[in-house]
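Student: Hey, can you walk me through this one? I'd like to get a feel for the fold.

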Amino acid sequence: MKISPVLFATLCVVAVPSAASAAEVDVSGIWWANSYSMEIRPQGGAIPFTPAGAEAFRKNSAGLANGMIEDAARKYCVPDGVPRILATPYPFQIFESPGYVTIFYEQNHVFRSVLMDRPIPSDDALAAYPYYSGNSFGHWEGDTLVVVTKGFNEKTFVDASGVPHSDRLQVTERFRKINGGKVLEDVATIEDPVIFTRPWTARFVYDLHPEVRLDTSFTCGEKHRDLSRVKGVPK
């Protein structure tokens, strides 16, 4: 079947995304939460622990309370891990470049490098590189940046209350701008068949703060940035 030149030109025009649409595919900027909680919990429910997960959480909670377990992320400034770092009360910045999205968190100087549009390696391959922040792989779905992170070590907690995870943890985040681009939403789905009976989801929101300059002098235990604007931060 022959296609007329006019129809062919029309099809070509329709297939090319507009400049406005391309501009919307963007989550870069300096972002800062306006509230904080030491607990990361599912929306509208309790964490679905396996028996082993519930027992590990009980031990972690008791150990953190009596000092038998150290929170290394706060004492030694090791990375918080994912998803715990998503609850940070400090600002962070997202940079976009060809092939990568980089997230720099002021807290503990954590960098997350997200490889874009790459095949996600097998679990066996990732087991050779067990990082605090895992290994992140991303792609765009419309205006939403989807980031899958897996290949973690077991040295971190899911949150500051001591929720545990195993090396089979996987976190899938969906970043998108809302409220006219003034707010960044990150909906994180957390999976770990050793610790949880099913995947569960937590939501994080951050305000845009282009006037903020990230401070790289963060040091554990020292006065750093005024967090009085962030509700829920311990005084």
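Tutor: Sure, let's talk about the strands and then the empty space inside; keep in mind that this is a predicted model.

Student: OK, how many strands make up the barrel, and in what order do they run?

Tutor: Nine strands form a closed barrel, in the order β1-β2-β3-β4-β5-β6-β7-β8-β9, and the pairing is mixed. On average, neighbouring strands in this sheet are turned by 30° against each other, ignoring direction.

Student: What does β1 pair with on the β2 side, and in which sense?

Tutor: β1 pairs with β2, residues 92-97, in the antiparallel sense over three bridges. Within β2, Phe92 is the bridge partner of Trp31.

Student: And how many bridges join β1 to β9?

Tutor: Two, again antiparallel, with β9 covering residues 200-208. There, Asp207 in β9 stands opposite Trp32.

Student: Which way do the β1 residues point, and are they buried or exposed?

Tutor: Gly29 and Trp31 point one way, Ile30 and Trp32 the other, and all are buried. That fits a general pattern: side chains in a regular strand alternate between the two faces of the sheet.

Student: New topic: how many cavities of 30 Å³ or more are there?

Tutor: One turns up in a search of the whole structure. The largest cavity has a volume of about 70 Å³.

Student: Which residues lie nearest its centre?

Tutor: Tyr36, Arg74, Asp80, Arg84 and Ala87, out of 14 residues lining the largest cavity.

Student: What kinds of residues make up that lining?

Tutor: The lining of the largest cavity has seven nonpolar, three polar and four charged residues.

Key: Residues are numbered from 1 along each chain as its sequence is written. This is a predicted model: local features need pLDDT of at least 70, side-chain atom pairs count only at pLDDT 80 or more; totals for chains, interfaces and linings use all residues. Side-chain values use heavy atoms; hydrogens and water are left out. Buried means under 20% relative accessible area, exposed over 50%, partly exposed in between (1.4 Å probe, protein chains only). Helices (H or I, at least four residues) and strands (E, at least two) are DSSP runs, numbered from the N terminus. Two strands pair if DSSP finds at least two bridges between them. Axes are lines fitted to C-alpha atoms, for helices over the stretch in contact, and angles run from 0 to 180 degrees between N-to-C directions. On a 1 Å grid over the protein atoms alone, a cavity is a set of points where a 1.4 Å probe fits but cannot get out, and a pocket is an open set with protein on both sides within 12 Å along at least five of seven lines; lining residues have an atom within 4 Å of a point. Grid points are joined across faces, edges and corners, and a volume is the space filled by probe spheres set on the points. Ala, Val, Leu, Ile, Met, Phe, Trp, Tyr, Cys and Pro count as nonpolar, Asp, Glu, Lys and Arg as charged, and the others, Gly among them, as polar.
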